[in-house]
Amino acid sequence: MIKHPSFRVEPWALHETELQMELLAQSESLFALSNGHIGLRGNLDEGEPHGLPGTYLNGFHELLPLPYAESQYGSPASSQTMVNVTNGKLIRLLVDDEPFDVRYGELRVHDRLLDFRAGTLTRTTEWTSPAGRTVRVVSKRFVSFTHRAVVGISYELEPLDGPASIVVQSELVANEQLPVLTGDPRSAAVLEASLESEEHQARERGAVLIHKTRRSGLRMAAAMDHDISGTGRIRITTETSPDSARVVVTDVLEPGQRLRLVKFVAYGWSLERSLPALRDQVAAALAAAGQAGWEGLLADQRRYLEDFWARADVELSGDSELQQAVRFALFHILQAGARAERRAIPAKGLTGSGYDGHSFWDTETFVLPVLIHTAPTAAADCLRWRHSTIPAATQRASELGLAGAAFPWRTIQGEECSGYWPAGIAAFHVNADIADAVIRYVDATGETAFERDFGLDILVQTARLWRSLGHHDLQGRFRIDGVTGPDEYSAVADNNIYTNLMAARNLNGAAQACERHQDKARELGVTPEEMADWRAAADRMFIPYDDRLGVHPQAEGFTDHEMWDFAATGPDRYPLLLHFPYFDLYRKQVVKQADLVLAMQLCCSAFTDEQKARNFDYYERITVRDSSLSACTQAVLATEVGHLRLALDYAAEAALMDLQDLEHNTRDGLHIASLAGTWIAMVNGFGGMRDHAGVLSFTPRLPDGLTSLAFSIVRRKACLRVEVSARAAAYRLKKSDGPLQIMHYGEPLKLEGDTPVERPIPESPQREEPVQPPGREPLRRSPGGTRF
């Protein structure tokens, strides 16, 4: 999509110079703004036309019944879906009684710029009305990183070719009408008028609307205030109704005269706060925003992002499109989690309603590794949210006849929302993924207080789950049967290797953490015998291997299944889940997304180099990448085993997943985990970074399409910069309270001060490039960044 001439390739911005109506819904996702608490889709200021209107508050949801043709024990009775809340970004314009609507008249200039360093979306338009009057409108909006509850909008207009009578309507609108959904299960449910009005008040140049959801009982408030300047003929009125509030500004402008509105919108929600308390909360947020002022808030926004980019930027040479895509990805990852503050990070962030706003395992496995090394406070907040859901998870485990805690496959506030057992609830690996994120966070930050107060409880409860879910067979092996791994085209399998290896890490990690925090472990009822039991299960974990083929089966018996008929599957039959029954997929060797390959990335020490190469080659032939989560993992392993050209192709696919709408569903919101996968492909792939068992190691190597790579990561109290060229890598501490130990291709290095340490990069192994299923090859990336 970014190849369209209306999109420019720029290093620090997403820039659109022509409005494409057929791409409107996709561009609304791309130009979305968020701080992790509030999310605004990139809808036009005037509201119409739109692809999908969207204003979201993280965690604010409604309940929906989950219908079943037949009742099933253990299936959740209801689901949660994200609500499109009161729209505060709406500003309508009438010029000589003609509504500003880009579908009518002539749109002479259209320019939108999402600035990754300023954190703003700026739109410039010049429009000639059907009556022939031309005006210029410049708007700028942001969702504040420093004032969590505040949105700021500047709206300035002037006539260009004669006097004009101007009417501006700045609004709050609840219960917006939403478009009808497609049949894609990845889309969201439509809620009709889910908000019930509790109060609406007009104030001088402002208003407040307070609503409550009908089923979940959540209350939200939205308030607005304005700073308005125009000519001496300006008039301002305010009016409200249960579902709308409007500040109306009228003026008559001559060419050279301008009308300007600065609009601040504040949001808040709660299950427990009273109506007056919530009303006062948004009023206080508006007061704080007014005190800071428009310019002050913009300056705060830029300073916040300067601090982020100083420790998070990834710099590429040789491919300007990928450079833009990497920064686009990092910007949206930050937006998804920066101020979530003990809320989940949904699969689409707050950029759209896809997947009903649910959070999955994607968060801990793909998003948190990025945040741990670039914005660790945000990562900790996300894990604290998981900790807050332990009561729901322990209840769920009890319902399933298991010990410990069974975290949900998909959720908003902690309860299981998946109504499908094989590809959802049976994916118990989510519990090990959460535990792994805890282990990685503590390793990277050294936050022992966090481990004691939050992490230990998660590790203990998930270890208890695994011990009750698995069993020792007659040969003494610890088995975990009847579960689903990351590959959703293989379900309810025995001894999925990814699940077993991650469970073993969970069991060992829990035992080690209990040793470090013995008093807290005793409070949780952990005994030395239980810890020994966890270690025994981990040590005896069954890892299947197919001696005939010389590869690891994804799960026990997987390589005995019939091969999927790839030659007979046309390109119009992908994704397979929309064209074939799951029953057929489950019985065949076809992989939706990296599963065994992901195990080789995250549990790298469990495989030899030769096993990695053979496994990668085998699974390349049967992996169709019907999930956006696959390409980044394949990029990492392709780099490790020596397929650098293929690795670049996969890295580009992950990076451009939304910018080129590769899955054809960017309209529903961005793929936050795939965006995180862009960083993973660059840092874990080409940078060769691994951070296992307290050891930070690097095995960097670059493909021919990149001439250099530089990135920074946060490690304990240090900020490490890594610079990679074709022949050497240099490591330097940008900030540190002491020395930092790392490994370069197995060689220990001690970094001190800001003196760089440079080491040569050995030659990559030469291997024959593997093949993919017909028609499922990644697009080839050529030198300079073009794809063919």
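Me: How do the residues lining the second largest pocket divide into nonpolar, polar and charged?
Reply: This is a predicted model, where local features need pLDDT of at least 70, side-chain atom pairs count only at pLDDT 80 or more, and totals for chains, interfaces and linings use all residues. Residues are numbered from 1 along each chain, and side-chain values use heavy atoms, without hydrogens or water. With Gly among the polar and Asp, Glu, Lys and Arg as charged, the lining of the second largest pocket holds eleven nonpolar, eight polar and nine charged residues.

Me: Which residues are closest to the centre of that pocket?
Reply: The second largest pocket (an open set of 1 Å grid points where a 1.4 Å probe fits, with protein on both sides within 12 Å along at least five of seven lines; lining atoms within 4 Å of a point) holds about 670 Å³ of space. Of its 28 lining residues, the closest to the centre are Ile439, Arg505, Gln512, His692 and Ala693.

Me: Which element gives the most to this lining?
Reply: Helices (at least four residues) and strands (at least two) are DSSP runs. Those giving two or more residues are H8 (429-445), H9 (448-469), H10 (497-516), H12 (528-539) and strand S26 (690-692). With seven residues, the top contributor is H10.

Me: Which residue of S20 is the bridge partner of glutamate 156?
Reply: In strand S20 (259-270), eleven of twelve residues are buried (under 20% relative accessible area). S20 pairs (at least two DSSP bridges) antiparallel with S17 (219-229) over eleven bridges, where alanine 223 stands opposite alanine 266. S20 also pairs antiparallel with S13 (150-159) over eight bridges. The partner of glutamate 156 is arginine 260.

Methods:
Points joined across faces, edges and corners; volume = space filled by probe spheres on them. Buried < 20%, exposed > 50% of the residue type's maximum accessible area, 1.4 Å probe, protein only.
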